[in-house]
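Student: I have a structure open and want to learn how to read its features. Where do we start?

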Amino acid sequence: MKCIKFLFLSISATIFVVVSSHWGTKVMALPPVEDIPEEILRTEIITEARSPIDGKRLTAAEYAELQTQLQTSPPPKLNSQIREKVFLLRIRKALLQLFPFLGI
């Protein structure tokens, strides 16, 4: 009698665990309906871009034109005294990393 009760209890517990563990897994495994598959997104040709300056939307032609303008613009010139001070500060930083006891 105890053996039959134990067998019935173990079978019902096993069935409950199996059913509850698989409850809703089919729904959780599927992506949302409005989600576009990654394979399609990889083959999509991008025709819009954002400006690196202010983040406005640009067409591909406007973006290419902006990139050429940014590449051809001359770099700003620094005063020679400021350039020399920056150079000396970089040398000082390198020396302090090599010789921290100098105290310069």
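**Reading the model**

Tutor: With a pair on the surface: Glu-38 and Arg-42 are both exposed. Keep in mind that this is a predicted model.

Student: What do the side chains of Glu-38 and Arg-42 form?

Tutor: The general idea comes before the case. Side chains of opposite charge can pair when their charged atoms come close. Here Glu-38 and Arg-42 meet in a salt bridge, at 3.2 Å from N to O.

Student: How many residues apart are Glu-38 and Arg-42 in helix α3?

Tutor: Again, the general idea leads. An α-helix has 3.6 residues a turn, so residues three or four places apart point the same way. Glu-38 and Arg-42 sit four residues apart in helix α3 (residues 38-43), so about one helical turn separates them.

Student: How many salt bridges does a search of the whole structure find?

Tutor: Two. Besides the Glu-38 and Arg-42 bridge, the side chains of Lys-56 and Asp-54 meet at 3.7 Å, N to O. Check the exposure of each partner. Lys-56 counts as exposed because its relative accessibility is 53%, and the cut-off for exposed is over 50%. Asp-54, at 47%, counts as partly exposed.

Student: Now the overall fold. How many helices and strands does the protein have?

Tutor: Five helices and two strands. Read from the N terminus, the order is α-α-α-β-β-α-α.

Student: What is the span of helix α1 from its first C-alpha to its last?

Tutor: Helix α1 covers residues 2-21, which is 20 residues. Its span is 28 Å, close to the 28 Å expected at 1.5 Å a residue.

Student: How many residues of α1 are buried?

Tutor: Zero of the 20, so α1 lies largely in the open. Now take the protein as a whole: 4% of its 104 residues count as buried. The exposed area is about 10400 Å², and carbon and sulfur atoms supply 67% of it.

Student: Which residues make the nonpolar surface patch?

Tutor: Phe-87, Leu-88, Ile-91, Leu-95, Leu-98, Phe-99, Phe-101 and Leu-102. The patch measures about 810 Å². Look at Leu-102, in the segment after α5 (80-98). Leu-102 is partly exposed, with 42% relative accessible area.

Student: How are the rings of an aromatic pair described?

Tutor: A pair of aromatic rings is described by the distance of the centres and the angle of the planes. A search of the whole structure finds one such pair. The rings of Phe-99 and Phe-101 have centres 6.1 Å apart and planes at 70°, so this pair is edge-to-face. The cut-off for that label is over 60 degrees.

Student: Are Phe-99 and Phe-101 exposed or partly exposed?

Tutor: Phe-99 is partly exposed, at 37% relative accessible area. Phe-101 is exposed, at 66%. Both residues belong to the nonpolar patch.

Student: Last point, confidence. Where is it lowest, and where is it highest?

Tutor: Helix α2 (residues 25-29) is lowest, with a mean of 61. Helix α5 is highest, at 92. For the whole protein the mean pLDDT is 82, and 89% of residues reach 70 or more.

Note on methods
Residues are numbered from 1 along each chain as its sequence is written. This is a predicted model: local features need pLDDT of at least 70, side-chain atom pairs count only at pLDDT 80 or more; totals for chains, interfaces and linings use all residues. Side-chain values use heavy atoms; hydrogens and water are left out. Patches are made of residues with over 30% relative accessible area and no salt bridge: like charges are joined within 9 Å, nonpolar side chains (Val, Leu, Ile, Met, Phe, Trp, Tyr) within 5 Å. Accessible areas come from the Shrake-Rupley method with a 1.4 Å probe; for residues, only the protein chains shown count as cover. A salt bridge is a side-chain nitrogen of Lys or Arg within 4 Å of a carboxyl oxygen of Asp or Glu. Buried means under 20% relative accessible area, exposed over 50%, partly exposed in between (1.4 Å probe, protein chains only). pLDDT is the predictor's confidence in each residue, from 0 to 100. Rings of Phe, Tyr and Trp (its six-membered ring) pair if their centres lie within 6.5 Å; planes under 30 degrees apart count as stacked, over 60 as edge-to-face and the rest as tilted. The expected span of a helix is 1.5 Å times one less than its number of residues.
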